[in-house]
Amino acid sequence: MKQSLLHASIILMVLPMLVISGFGKQIEAGDMEADIAAINNNLEEYTSSMNAGDLDRWISLWADDAIQMAPDAPAVIGKEQIRAKYESIFPLFIFKMTINNEDVKISGDLACSHGNYTVSMTPKAGGETIMIDGKYLSIEERQADGSFKIIRSCFNNNAPPK
């Protein structure tokens, strides 16, 4: 009898913890889906702002301490330096970019995504369109307001430059 009472007491103590942890996992899964949707939305905003030639909208996706690692160039450190680099590029071209995001992994406040992209850059002053086919790896961090911003971006071409 004492043993049955002991087993019943243990079950009554453990059962609420199992129920709570089960609900916690469901909430986490819902949060994970929302976070993945936020990352995918940022990628859509990335292409749409670039295609619109809207540097301010595009740079708003970056954290202040972001680092961009483009091919064949030194890393660009900080949002303001990234802006300065692209202030001279955005006005020169009409961009048509597409991103195919292949995967998003989230751990706490960090998200990592990778995929491939294509971009055509047509000089506004006339000239031949430049076509680029490449891949990327992006790390984003949740900000105080809950949004995600790019903190590290690395990309390169799938073929050697011409």
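Me: Which residue's side chain meets that of Lys105 in a salt bridge, and at what N to O distance?
Reply: In this predicted model, Lys105 counts as exposed, at 55% relative accessibility, whereas its partner counts as partly exposed, at 25%. A salt bridge needs a nitrogen to oxygen distance within 4 Å, and the side chains here meet at 3.6 Å, the partner of Lys105 being Asp103.

Me: How many residues apart in sequence are the parts that Arg142 and Asp109 tie together?
Reply: The side chains of Arg142 and Asp109 meet in a salt bridge of 2.8 Å, N to O. Arg142 lies in strand E5 and Asp109 in the loop between E3 and E4, so the parts that this pair ties together are separated in sequence by 33 residues.

Me: Which residue is linked with Asp109 and Arg142 in a network of salt bridges?
Reply: Both Arg142, with a relative accessible area of 24%, and Asp109, with 43%, are partly exposed. The residue that is linked with these two in a network of salt bridges is Asp35.

Me: Which residue in E6 stands opposite Arg142?
Reply: Strand E5, residues 130–142, pairs with E6 in the antiparallel sense over nine bridges, and the two strands form a hairpin with five residues between them. Within this pairing, the residue of E6 that stands opposite Arg142 is Phe148.

Me: How many nonpolar residues are in the lining of the largest pocket?
Reply: The largest pocket holds about 610 Å³ of space, and among the residues closest to its centre are Tyr86 and Phe155. By class, the lining has five polar and three charged residues, while the nonpolar residues number 20.

How values were computed
Residues are numbered from 1 along each chain as its sequence is written. This is a predicted model: local features need pLDDT of at least 70, side-chain atom pairs count only at pLDDT 80 or more; totals for chains, interfaces and linings use all residues. Side-chain values use heavy atoms; hydrogens and water are left out. Two strands pair if DSSP finds at least two bridges between them. Helices (H or I, at least four residues) and strands (E, at least two) are DSSP runs, numbered from the N terminus. On a 1 Å grid over the protein atoms alone, a cavity is a set of points where a 1.4 Å probe fits but cannot get out, and a pocket is an open set with protein on both sides within 12 Å along at least five of seven lines; lining residues have an atom within 4 Å of a point. Grid points are joined across faces, edges and corners, and a volume is the space filled by probe spheres set on the points. Ala, Val, Leu, Ile, Met, Phe, Trp, Tyr, Cys and Pro count as nonpolar, Asp, Glu, Lys and Arg as charged, and the others, Gly among them, as polar. Buried means under 20% relative accessible area, exposed over 50%, partly exposed in between (1.4 Å probe, protein chains only).
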